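Please open the structure in the viewer and keep the sequence panel at hand. The tour proceeds by selecting one part at a time.

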Amino acid sequence: MNNFFFKFLMAVPKKSTSISKKHIRKNIWKKKVYWAALKAFSLAKSLSTGNSKSFFVRKLNSQTLD
């Protein structure tokens, strides 16, 4: 087929997504976000308490700088 044919094709609107499919996709996304936030919070908590086994945090001296 040549380019002449494609210039005169009409735009066809897509089928609309059902509300239930939208809710399902949104809930999947929310679940992924929830677990990512939970892991991040858990990692931050372990770093702040010093119980982290996967990260090494360099402790600074408690002396004040003059």
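The stops below begin with the whole chain and then follow selected residues.

**The whole chain**

Display the entire protein, and bear in mind that this is a predicted model. The protein has two helices and zero strands. Its accessible surface comes to about 7500 Å², and carbon and sulfur atoms account for 63% of that area. Of its 66 residues, 3% count as buried.

**The loop before α2**

Next, select Thr 17, which lies in the loop between α1 (3–7) and α2. Its relative accessibility is 35%, so Thr 17 counts as partly exposed, the class between 20% and 50%. With neighbours within four places in sequence left aside, Thr 17 is in contact with Lys 22 and Arg 25.

Move on to Ser 18, also placed in the loop between α1 and α2. Ser 18 has a relative accessible area of 33% and is therefore partly exposed as well. Display its side chain together with that of Ser 20: the two side chains make a polar contact at 3.3 Å.

**Helix α2**

Now select residues 19–49, which make up helix α2. The helix has 31 residues. From its first C-alpha to its last, α2 reaches 45 Å, close to the 45 Å expected at 1.5 Å a residue.

Within α2, select Tyr 34. Is Tyr 34 buried or partly exposed? Its relative accessible area is 48%, under the 50% above which a residue counts as exposed, so Tyr 34 is partly exposed. Add Trp 35 and Leu 38 to the selection: with Tyr 34, they form a nonpolar patch on the surface. Together the three residues have about 330 Å² of accessible area. A general point helps in viewing such a helix: an α-helix has 3.6 residues a turn, so residues three or four places apart point the same way.

**The end of α2 and beyond**

Continue along α2 to Ser 46, which is found in this helix. With a relative accessible area of 18%, Ser 46 falls under the 20% limit and is therefore buried. What does the side chain of Ser 46 reach? Its partner is the backbone oxygen of Leu 43, at 2.9 Å. Residues up to four places away in sequence not being counted, Ser 46 touches Asn 51 and Ser 52.

Finally, select Gly 50, located just after α2. This glycine takes a positive phi of about 85 degrees.

Note on methods:
Residues are numbered from 1 along each chain as its sequence is written. This is a predicted model: local features need pLDDT of at least 70, side-chain atom pairs count only at pLDDT 80 or more; totals for chains, interfaces and linings use all residues. Side-chain values use heavy atoms; hydrogens and water are left out. Helices (H or I, at least four residues) and strands (E, at least two) are DSSP runs, numbered from the N terminus. Buried means under 20% relative accessible area, exposed over 50%, partly exposed in between (1.4 Å probe, protein chains only). A polar contact is a pair of N or O atoms within 3.5 Å; within protein, one must be able to donate a hydrogen and the other to accept it, and residues adjacent in sequence count only if both atoms are side-chain atoms. Contact means heavy atoms within 4.5 Å. Patches are made of residues with over 30% relative accessible area and no salt bridge: like charges are joined within 9 Å, nonpolar side chains (Val, Leu, Ile, Met, Phe, Trp, Tyr) within 5 Å. Accessible areas come from the Shrake-Rupley method with a 1.4 Å probe; for residues, only the protein chains shown count as cover. A salt bridge is a side-chain nitrogen of Lys or Arg within 4 Å of a carboxyl oxygen of Asp or Glu. The expected span of a helix is 1.5 Å times one less than its number of residues.
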